Amino acid sequence: MYVLTLEKEKRIVQPNPEAMETELKVNNLNVFYGSNHAVKNVSMEIKKHAITALIGPSGCGKSTFLRSINRMNDLIPGAVCKGEILYEGINLLDASVDVVSLRKEIGMLFQKPNPFPKSIFDNVTHGLKCAGIRKKDVLENAVEESLKLAGLWEETKDRLKHSALSLSGGQQQRLCLARALAMKPKVLLLDEPTSALDPVSTAKIEELLMSLKKRITIVIVTHNMQQAARIADQTAFFYEGTLVEFGNTRDLFENPTHTRTKSYISGQFG
Amino acid sequence: MNAKVTDRLATLCFILCAAITAGTLFSLLGYIVFQGVSHIDWHFLTADASTFQAGGGIKNQLWNSFYMLLMTMFFSVPLGIAGGIYLAEYARPNKITAFLRSCVEVLASLPSIIVGMFGMLLFVNTFHWGYSVLSGALALTIFNLPVIIRVTEDALAAVARDQKEASFVLGATHWQTIRTVLLPAAFPGLLTGIILSVGRVFGESAALLFTAGLSTPNLNFGDWNPMSPQSPINPFRSAETLSVHIWAVNTNGIIPDAKIVAAGSSAVLVIVVLLFNIVARLVGALIEKRWSGK
């Protein structure tokens, strides 16, 4: 595997992921869409303030796994999640969990940039306003801070009242990131956030994620194995709903223990 | 026959169908407007209808049509939007929902004369509201409600799923999402649908024959006390609308210029309905343009 050679030097200075604290502990997670068993008995520990990448061919259950963390599968009629996802000692799958507050702490970014057809300012403040924050100065500060974190402030500070749809695709995705960051989430779930973007915008998002992981736990689903190799501390390989292999990104890419992982990362199927 | 010839024949066939549709519309509109427009003048629009002499106008009928329309919309728009939101967002996909949805469809396909008869039995007789603006507006509400429910449900369903998800992942509640994301995004479609239904309500006659009546008291446009019998805004007085007037003048009118009055009224009716349609398109396009950030 050569994908990692460029990054090796950088990686050496990084802490060993296995020594890090656990943010999300998944125990025997099973997800069903009607009769379709989409995620099968998955258990894994997602480390705090690290980037965890989920890779695997289309339909392998990685997005479904991601969407069960912030309970977005609740929106799909007939979806059933069983097992445990422990976060701060609480099972997120428990029926008594308030999904609205859960989603304030665990944010999400989607494959396709999906800004609201409103102004840039209103996009960033949507979550805050829904949480009951009305004070103008608080909102203004939050907008500036979030846009700076998402690396979009310089480009948009003079046109916060313009429609978000006037931005380019890459800018729109960073706006969606800013919108999620405005909620000050502890965990950020990303579902192929760069697959609709050009290489320059992709590099920008990756750079942002690397700097954000200091304060946020990041779980990213990606089809792009180089991306996983570039940014992830740990990588999980999913195949047909099961978690085949999970470990430090370097180990997984350089010495995969399963033949299926090996053939997937070497591009033999996918 | 080879594929190219078939393709050309099919294209020709579709063009012909489109031409027949457009041709029918234009000849109908052209005929009605051409026949009637010469009779429309300020006097015709602002004079009282006469009972047996020539030279009557349509002032009260025109007023009644608009007033009835306003009241119908006042009842049917909030109810219909609420019903549409329920079906699109809250109803679970089960048998009860399917049954509710087919109820709405059946209601939409009821012949308007039947709705009128029902209105007469319920509002006019049972509730003792008599032939009145209120009875008429409620009958029209029955007739219009399924349309608004349908329009709302379709407009909400047409909002991309990613917009809804975007709002949910930011910790918005379902109602907050409906209010701040879904309804604004559905608004252009919703508004267009409502304005189009306005055209239908404005032109409706059969449902009103037995509910709003064939006569209008001598309206005093200086009297705006809703309880006074001559007041234009009294909801309990009988009210002959423009389309009912066309029917009445044509079938049992004894005025010598019945043909002229009918032609003029028809032209006014058609022009107003046409205006509603044009406004619907313009407003829809304008909002679309404003909100897509151009």
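## Exercises on a predicted two-chain model

Among contacts in chain A between residues at least 6 apart in sequence, 70% join residues at least 24 apart. Two residues are in contact if their C-beta atoms, placed from the backbone, lie within 7 Å. This is a predicted model: local features need pLDDT of at least 70, side-chain atom pairs count only at pLDDT 80 or more, and totals for chains, interfaces and linings use all residues. Residues are numbered from 1 along each chain as its sequence is written, while chains are lettered from A and ligands numbered from 1 in the order in which they are written.

**Exercise 1. Describe the build of chain A.**

Step 1. Take the elements: chain A has 11 helices and 10 strands. Both are DSSP runs numbered from the N terminus: helices are H or I with at least four residues, strands E with at least two.

Step 2. Judge the compactness. The radius of gyration of chain A is 18 Å, close to the 18 Å from the globule rule for 270 residues, so chain A is as compact as a globular protein of that length. The radius is taken over C-alpha atoms, and the rule is 2.2 Å times the number of residues to the power 0.38.

Step 3. Add the spans. Along its principal axes the C-alpha trace covers about 55 × 45 × 30 Å.

Step 4. Add burial. Of the 270 residues in chain A, 47% are buried. Buried means that 20 or more other C-beta atoms lie within 10 Å of the residue's own, with C-beta atoms placed from the backbone.

**Exercise 2. Work out the strand order of the open sheet in chain A.**

Step 1. Recall the rule. Strands of a sheet pair through backbone hydrogen bonds, either parallel or antiparallel. Here two strands pair if DSSP finds at least two bridges between them.

Step 2. Join β1 (residues 22–33) to β4 of chain A: 8 bridges link these antiparallel strands. One example is A:F32, whose bridge partner in β4(A) is A:V80.

Step 3. Join β4 (residues 79–87) to β5(A): 2 bridges link them, again antiparallel. A:L86 stands opposite A:N91 in β5(A). Their hairpin has 2 residues between the strands, and A:E88 takes a positive phi near 50° there.

Step 4. Read off the result. The 4 strands run in the order β2-β1-β4-β5, with antiparallel pairing. The edges are β2 (36–47) and β5 (90–91) of chain A, each pairing on one side only.

**Exercise 3. Find the largest nonpolar core.**

Step 1. Define it. A nonpolar core is a set of buried Ala, Val, Leu, Ile, Met, Phe, Trp, Tyr and Cys residues joined through C-beta atoms within 7 Å.

Step 2. Count. The largest has 123 residues, and those with the most contacts inside it are A:L54, A:A178, A:L189, B:M68 and B:A139. Helix α6 (residues 133–157) of chain B gives the most, 15 residues.

Step 3. Look at one member. Beyond its neighbours within four places in sequence, A:L189 is in contact with A:L66, A:I69, A:N70, A:I106, A:M108 and A:V219.

**Exercise 4. Describe where chain A meets chain B.**

Step 1. Count both sides: 24 residues of chain A are in contact with 18 residues of chain B.

Step 2. Locate the chain A side. α3 (99–105), β6 (106–109) and α4 (120–130) of chain A each supply at least two residues. The largest share, 4 residues, comes from α3(A).

Technical notes:
Buried ≥ 20, exposed ≤ 12 C-beta atoms within 10 Å, placed from the backbone.
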